[in-house]
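Visitor: Hi! Could you walk me through this protein model in plain words?
Guide: Happy to, let's open the structure and go step by step.

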Amino acid sequence: MSGVVRRRLGVRHLAVACVLATGLAGCAQNSPSTLDAAGAGARRVEGLWWLLFWVSVVGVLEVFALLGWALWRRRREVPVRAGDATAFVGVLGVGLPFIVLVAVYGVGLRDLNALVRPPAEPELSIEVIGHRWWWEVRYPDVAGAVTANEIHIPVDRSVRVRLTTADVQHSFWVPQLMPKTDLIAGKVNQTWLHAERAGTFRGLCAEYCGLQHATMSLMVVAQPEGEFTTWLRDLANPPSGELTEQQLRGRAAFEAAACGACHTARGTTATGTIGPDLTTIGARWSIGAGAAPNDEGHLGGWVVNPQNLKPGNQMPPQPVPASDLPDLLSYLQTLR
Ligand code: CUA
């Protein structure tokens with residue numbers, strides 16, 4: 001191999017290593033990783049992941065050690081006796097892998113079985129309904145408690161989650177809390193969540209469901225019991241704060257526009273059920289299920305033409321008069 005070729009290969013390998021390192025560094029920063037488990041379910045998956053990882057590491061090391069040994073024997077011209085090779089392949093090529101694979105399969109079955117039951121009997125149930133491309137979230141025990149793309153749960157409590165879909169198949173996955181469960185048309189699937197610490201944990205759709213499959217995120221907010229109870233109460237009965245004159249004009253514009261045909265905002269005349277519930281839109285972590293940050297600029301862009309931020313979604317552009325838009329946005333941000 002010439003020096004030039006060797007140098008080129010070196011640069012190429014360096015580039016690949018850089019891409020891998022950047023990817024891994026990206027993974028480590030605030031991403032939904034099973035390897036940063038915050039719940040009993042994800043912890044099992046994390047344990048299984050590390051078991052498989054170390055078994056693989058030992059397997060690779062063993063192969064390289066045997067390769068080295070074979071080369072060493074060849075160089076020394078150590079004669080191979082009849083029967084040696086058969087015994088060698090029988091033990092290390094068939095017997096050992098069989099034992100390891102059966103053991104790992106057994107551990108996998110044990111974990112799969114354990115994942116059926118939450119650590120404690122759930123006292124709280126949540127209904128999650130998949131839509132293209134957002135998540136409807138209902139608390140059936142509390143009348144009117146409906147939101148979207150955000151699930152609040154109390155810390156250190158097991159919560160039952162019932163999963164259905166309004167259209168195609170989706171899959172509910174909160175990597176730091178629980179492995180995937182599919183949402184299948186005509187079927188109710190169940191899973192559970194149990195967060196061991198307070199925090200926000202990103203969830204995503206893990207089943208390809210169309211154009212905006214990658215923009216179908218949700219956030220699970222685990223909070224202390226008292227905070228959660230207050231949040232749930234306010235969700236069902238939003239406190240009506242004082243509105244400024246601009247916000248009152250915005251509210252009138254909201255009720256005059258077509259918003260209420262598809263959206264509900266409790267405390268207003270908007271009672272549509274096609275799109276996400278807007279009762280707490282002002283406090284949500286994003287707009288469009290992760291399509292954009294929830295600030296005035298993006299919200300304005302979304303209202304005027306949602307197809308720019310999330311092409312293919314069900315919401316058509318809204319002909320809101322430019323003079324009404326600042327009032328409308330100011331009002332929408334009070335919904336929290
Ligand atoms: Cu919903 Cu992918």
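Guide: One term before we begin: a residue counts as exposed when its relative accessible area is over 50%, and as buried when that area is under 20%. Also keep in mind that this is a predicted model.

Visitor: Okay, let's use that. Is Val94 buried or exposed?
Guide: Val94 counts as exposed, because its relative accessibility is 52% and the cut-off is over 50%. You'll find Val94 in helix 3.

Visitor: Which residues form the nonpolar patch on the surface?
Guide: The patch is made of Trp69, Trp72, Val78, Phe88, Val89 and Val94. Together these residues have about 550 Å² of accessible area.

Visitor: And which elements give two or more residues to the nonpolar patch?
Guide: Those are helix 2, residues 40-76, and helix 3, residues 84-114. Helix 3 gives the most, with three residues.

Visitor: Let's switch to the sheets. What's the strand order in the one with strand 1?
Guide: That open sheet has five strands in the order 3-2-1-5-8, with mixed pairing. Its edge strands are strand 3 (146-148) and strand 8, and each of them pairs on one side only. From one strand to the next, the twist averages 25°.

Visitor: "Mixed" sounds vague. Which way do strand 1 and strand 5 pair, parallel or antiparallel?
Guide: Strand 1 (residues 124-131) and strand 5 (residues 158-165) are parallel, joined over seven bridges. Within that pairing, Gly130 sits opposite Thr165 of strand 5. Strand 5 also pairs with strand 8 (residues 189-194), this time antiparallel and over six bridges. There, Val161 stands opposite Thr191 in strand 8.

Visitor: Where do side chains point in a regular strand?
Guide: In a regular strand they alternate between the two faces of the sheet.

Visitor: Nice. What about the sheet with strand 4, what order do its strands have?
Guide: Again five strands form an open, mixed sheet, in the order 4-10-9-6-7. Strand 4 (150-154) and strand 7 (178-183) are the edges, each pairing on one side only. Neighbouring strands here are turned by 20° against each other on average, direction ignored.

Visitor: How many bridges join strand 9 to strand 10?
Guide: Six, between residues 199-205 of strand 9 and residues 217-223 of strand 10, and the two run antiparallel. Arg202 stands opposite Met219 in strand 10.

Visitor: Which strands does helix 4 lie across?
Guide: Helix 4 (residues 225-236) lies across strand 4 and strand 10, and runs at about 135° to strand 4.

Visitor: One last residue: Phe172. Where is it?
Guide: Phe172 belongs to strand 6, residues 170-174.

Visitor: Why is Phe172 called buried?
Guide: Because its relative accessible area is 1%, and the cut-off for buried is under 20%.

Visitor: What is Phe172 in contact with, leaving aside its neighbours in sequence?
Guide: Beyond neighbours within four places in sequence, its contacts include Val128, Trp135, Ile151, Leu163, Thr191, Leu204 and Leu218. As for Ile184, its C-alpha is 11 Å from that of Phe172, and the two residues are twelve apart in sequence.

Notes:
Residues are numbered from 1 along each chain as its sequence is written. This is a predicted model: local features need pLDDT of at least 70, side-chain atom pairs count only at pLDDT 80 or more; totals for chains, interfaces and linings use all residues. Side-chain values use heavy atoms; hydrogens and water are left out. Two strands pair if DSSP finds at least two bridges between them. Helices (H or I, at least four residues) and strands (E, at least two) are DSSP runs, numbered from the N terminus. Axes are lines fitted to C-alpha atoms, for helices over the stretch in contact, and angles run from 0 to 180 degrees between N-to-C directions. Contact means heavy atoms within 4.5 Å. Buried means under 20% relative accessible area, exposed over 50%, partly exposed in between (1.4 Å probe, protein chains only). Patches are made of residues with over 30% relative accessible area and no salt bridge: like charges are joined within 9 Å, nonpolar side chains (Val, Leu, Ile, Met, Phe, Trp, Tyr) within 5 Å. Accessible areas come from the Shrake-Rupley method with a 1.4 Å probe; for residues, only the protein chains shown count as cover. A salt bridge is a side-chain nitrogen of Lys or Arg within 4 Å of a carboxyl oxygen of Asp or Glu.
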